[in-house]
Amino acid sequence: WHGIFTAVGILIGVNLSLRMARVIHYNEDDAYTLALVGVPSGVFGARLLFVAERWDFYGENPGRILAITEGGISIWGAILGGVLGGFLFALWRRYPITGALDIAAFGIIAGQATGRIGDVINGEHLAIATDVPWGVIYTNPASPAFAHSITVGAHHPATAYELIGDLVILGVLFYVLNGVFRRRPGLTF
């Protein structure tokens with residue numbers, strides 16, 4: 001589910017960014033080009049940061065660095081890699097950077113929220129034990145949270161909280177772009 005919702009999140013994020021390009025009158029061809037640069041840059045950054053964070057393993061197993069199909073990406077690496085790749089390309093091609101950053105903000109947070117749906121389904125990114133009514137227990141032995149659920153019991157659905165937070169941030173982005181930052185390109189990002 002993680003991979004499926006990551007792919008769906010990329011599609012939703014790119015689609016929303018392209019729609020926002022029309023809203024702020026950003027050149028549509030430039031927006032498409034930046035998406036074609038930003039997405040692979042994000043995938044590269046996601047793997048690069050994951051490998052860097054686990055260098056003790058990958059330093060001893062360099063042949064496994066490119067084994068991305070075995071898992072191992074970082075959301076922060078994806079965000080940093082995608083933004084950096086798009087930013088550098090926009091600089092090189094002399095695209096308006098502040099507008100590009102503003103439209104990217106919408107795609108990044110929408111994509112992140114969508115990707116978290118897969119994390120909720122899988123039971124990834126565990127939280128502390130709780131007795132609140134919405135605490136979760138994973139019963140599927142294939143779930144990363146299965147052993148945690150047996151040991152700890154119900155725990156907070158941390159990725160669901162992040163998903164809700166991402167959607168709140170998305171709402172704030174719409175509000176500030178159409179309100180206080182309407183004439184201040186780059187501040188929405």
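**Helices, rings and a core**

Hi everyone, let's start with one residue: Phe 89 is buried, with a relative accessible area of 16%. Buried means under 20% relative accessible area, exposed means over 50%, and partly exposed is anything in between, using a 1.4 Å probe and protein chains only.

Before going on, a word on what we are looking at. This is a predicted model, in which local features need pLDDT of at least 70 and side-chain atom pairs count only at pLDDT 80 or more, while totals for chains, interfaces and linings use all residues. Residues are numbered from 1 along each chain as its sequence is written, and side-chain values use heavy atoms, with hydrogens and water left out.

How confident is the predictor? pLDDT is its confidence in each residue, from 0 to 100. For this protein the mean pLDDT is 92, and 100% of the residues reach 70 or more. Among the elements, H4 has the highest mean pLDDT, 96, and helix H6 (residues 146–152) the lowest, 87. When I say helix, I mean a DSSP run of H or I with at least four residues, while strands are runs of E with at least two, and both are numbered from the N terminus.

Now to helix H4, the home of Phe 89. The expected span of a helix is 1.5 Å times one less than its number of residues. For the 19 residues of H4 that gives 27 Å, and the end C-alpha atoms are 27 Å apart, which agrees. Which residues of H4 are buried? They are Gly 77, Ile 79, Gly 81, Gly 82, Gly 85, Gly 86, Phe 89 and Ala 90. These buried residues pack against H2 and H5, where contact means heavy atoms within 4.5 Å.

What comes after H4? Arg 94 follows, and its phi is positive, near 60 degrees, although Arg 94 is not a glycine. Arg 94 sits in the loop between H4 and H5 and is exposed, at 75% relative accessible area. His 25 has a positive phi too, near 65 degrees, and is also a residue other than glycine. You will find His 25 in the loop between H1 and H2, exposed at 73% relative accessibility.

On to helix H2, residues 28–53. Its 26 residues should span 38 Å at 1.5 Å a residue, and the end C-alpha atoms are 36 Å apart, which agrees. Look at the start of H2: a side-chain oxygen of Asn 27 comes within 2.9 Å of the backbone nitrogen of Asp 29. A polar contact is a pair of N or O atoms within 3.5 Å; within protein, one must be able to donate a hydrogen and the other to accept it, and residues adjacent in sequence count only if both atoms are side-chain atoms. The buried residues of H2 include Asp 30, Leu 34, Arg 47 and Phe 50. Helices H1 (2–23), H3 (55–58), H4 (75–93) and H5 (97–122) are among what covers the buried residues of H2. Pro 40 also lies in H2, but Pro 40 is partly exposed, at 44%.

Next, aromatic rings. A pair of such rings is described by the distance of the centres and the angle of the planes. Rings of Phe, Tyr and Trp (its six-membered ring) pair if their centres lie within 6.5 Å; planes under 30 degrees apart are stacked, over 60 edge-to-face, and the rest tilted. How many pairs does this rule give? The count is six. In one of them, Trp 1 and Phe 5 have ring centres 6.1 Å apart and planes at 35 degrees, so that pair is tilted. Trp 1 is exposed at 53%, whereas Phe 5 is buried at 17%. Our opening residue pairs as well: the rings of Phe 89 and Trp 92 have centres 5.4 Å apart and planes at 65 degrees, so they are edge-to-face. Both lie in H4, three residues apart, about one turn of the helix, yet Trp 92 is exposed at 62%. Phe 50, Phe 57 and Tyr 58 form one aromatic cluster.

Last, the core. A nonpolar core is a set of buried Ala, Val, Leu, Ile, Met, Phe, Trp, Tyr and Cys residues joined through side-chain atoms within 4.5 Å. The largest one has 22 residues, and Tyr 26, Leu 34 and Phe 106 have the most contacts inside it. H1, H2, H4, H5 and helix H7 (158–178) each supply at least two of its residues, and H5 gives the most, eight. Beyond its neighbours within four places in sequence, Phe 106 touches residues including Leu 16, Met 20, Leu 170 and Phe 174.

Thanks for listening!

Conventions. pLDDT = per-residue confidence, 0-100.
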